[in-house]
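I open a fresh page for this structure. My plan is to look up burial, fold, chain contact and charged pairs, in that order.

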There are 2 protein chains.
Amino acid sequence: MTQAPAQHRGTRSRDAILDTAGELMSRHGYAATSISMISAACGLPVSSLYWHFGSKDGIYVAVLQRARTALLAALPPVEVPGADVAQRLDTFLDEVKDAFRRHPHGLKLLLGLGMVQQDASAAAVAEVHHYRDALLAWATDSVSAVFGLRDRPEVSDELARFTLRVASGTAVARWFEPGAALETGPLRVALLALAAHHGVAPHGARPEDPAGGVTGRE
Amino acid sequence: MTQAPAQHRGTRSRDAILDTAGELMSRHGYAATSISMISAACGLPVSSLYWHFGSKDGIYVAVLQRARTALLAALPPVEVPGADVAQRLDTFLDEVKDAFRRHPHGLKLLLGLGMVQQDASAAAVAEVHHYRDALLAWATDSVSAVFGLRDRPEVSDELARFTLRVASGTAVARWFEPGAALETGPLRVALLALAAHHGVAPHGARPEDPAGGVTGRE
DNA sequence: GTCTATACCCTGATAGAC
DNA sequence: GTCTATCAGGGTATAGAC
């Protein structure tokens, strides 16, 4: 405690500020969260916040960055184990639901701060887009692995976007019904139907001959 | 123009304030929209806003009320014409897509102001919930009419919630891809699959014998 | 790295002439 | 109903001692 306490205190303060700021901003939104609120809530004086992050916008960007890395780390790996599509889809949806349940702040930050892009700085806008792009890329890779869609990028794109819309819609519903979880049941049915609609058979292997599908080819 | 100009000017000013406030609040959110901004944008002095609405919160509630009535008036009637399910579903989705396209403010207000419920007044929170409840009730009645679900309320409830989630998710996606429209194609496939999953046949008549259980076949 | 004190501006809201 | 003028308070951000 005498060698390098300053540094330790520094990073600890930094984290404390980010914790409180993330909590408050995800609850009240960016504009409604004042520096003084954060200062009062985390106990550190206002100037410390400015020493660490330079501006309110700097805090916002740092909060977003941390939320993004945390959420992406919590998401299941892209390679989903399982013999057939149904099995892989089940594990995939279970893990998504779990990540969704355990990280309520992540999406809410993305929503709340994404909404006020107009006023935000260039760095903040870039970070918000980075966040959302990473989420979309992860979803695309995942559904591609689940359904075996390496050679059907347009299908995995559609399935991924659809999944994200249902997830964001649920995040929205969540501030009307606070306990609302991601309803994987209907989502599962919908994804299977969408895949079938594009001629992706509900088996483990990718269809070499998708002629049997509802829309054999497009 | 000499008999009752005061009244006319009054209601015209009122509308102008509401127009500007709705536009600004849907873009920047409630907290980031100041009385002075509204005043400058609509040309009327600050005190006029207070004379008409009493407080910033009063403006907010009035804006929400007007957006709700406008959006609900723009939504298609519950009784959808059409011989069979597929036909009714198509017209229904087309009209929803159209309303969604023509009234971008409505949902954004609901989202943006719904997010900051924590800080808002009781009247504002009540109005937000009223808004969302009306939307949900309309969606439930509509899908019930489309699929003929008068005796399966739990199914129409699920379909309506699913539709609303996709719609809100699209409204969210909209502030990343400004032109994004409601993708009725995938939604159509999903709703039909969900209905089938609950044993609702894709015909005009309601199924008298849904004994097939959860799904006709899986 | 952390604190106190403070500058400067804009906020929501009111008073009172017209 | 609309205007000008104004208040008290809180906002972001900075300076400088420790």
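I begin with burial: I call a residue buried under 20% relative accessible area, exposed over 50%, and partly exposed in between, using a 1.4 Å probe and protein chains only. The model is predicted, so local features need pLDDT of at least 70 and side-chain atom pairs count only at pLDDT 80 or more, while totals for chains, interfaces and linings use all residues. Residues are numbered from 1 along each chain as its sequence is written, chains are lettered from A and ligands numbered from 1 in the order in which they are written, and side-chain values use heavy atoms, with hydrogens and water left out.

**Entry: fold of chain A**

I took helices (H or I, at least four residues) and strands (E, at least two) as DSSP runs, numbered from the N terminus. Chain A has nine helices and zero strands. Of its 218 residues, 51% count as buried. I then looked at contacts, meaning heavy atoms within 4.5 Å. Among those in chain A between residues at least 6 apart in sequence, 68% join residues at least 24 apart.

**Entry: cysteines**

I searched for disulfides, which are pairs of cysteine sulfur atoms within 2.5 Å. The whole structure has zero over all chains. Cys42(A) is buried at 17% relative accessible area. Cys42(B) is also buried, at 17%.

**Entry: the two copies**

How does chain A lie on chain B? I superposed the copies by least squares on the C-alpha atoms of residues with pLDDT of at least 70 in both. A turn of 180 degrees and a shift of 0.1 Å along the axis lay chain A on chain B with an RMSD of 0.1 Å. That is the relation of a two-fold axis. The same surface serves both copies, as 98% of the contact residues of chain A recur in chain B.

**Entry: the interface**

I counted 42 contact residues from chain A and 42 from chain B. Buried area here is the accessible area (1.4 Å probe) that two parts lose on being put together, summed over both. Between chain A and chain B, this comes to about 3700 Å², and carbon and sulfur atoms give 65% of it.

Next I looked up salt bridges: a side-chain nitrogen of Lys or Arg within 4 Å of a carboxyl oxygen of Asp or Glu. Eight cross the interface of chain A and chain B. On the side of chain A that touches chain B, the elements giving two or more residues are H1, H6, H7, H8 and H9 of chain A. H8(A) gives the most, with ten residues.

**Entry: charged pairs**

Over all chains I count 24 salt bridges.

Which pair did I follow across the chains? Arg132(A) and Glu177(B) meet at 2.3 Å, N to O. The pair runs from helix H7 of chain A to the loop between H8 and H9 of chain B. Arg132(A) is buried at 13%, whereas Glu177(B) is partly exposed at 23%. Both belong to a salt-bridge network with Asp157(A), Arg161(A), Arg165(A) and Glu183(B).

Within chain A, Arg66(A) and Asp19(A) form a salt bridge at 2.6 Å, N to O. It links distant parts of the chain, H4 and H1, 47 residues apart. Arg66(A) is partly exposed at 33%, and so is Asp19(A) at 43%.

In chain B, Arg161(B) pairs with Asp157(B), with closest N and O atoms 3.1 Å apart. They are four residues apart in helix H8 of chain B, so about one helical turn separates them.

**Entry: Ser156(B)**

Ser156(B) lies in helix H8 of chain B. Is Ser156(B) buried or exposed? At 3% relative accessibility, Ser156(B) counts as buried. Beyond its neighbours within four places in sequence, Ser156(B) contacts Thr140(B), Val143(B), Ser144(B) and Leu149(B).
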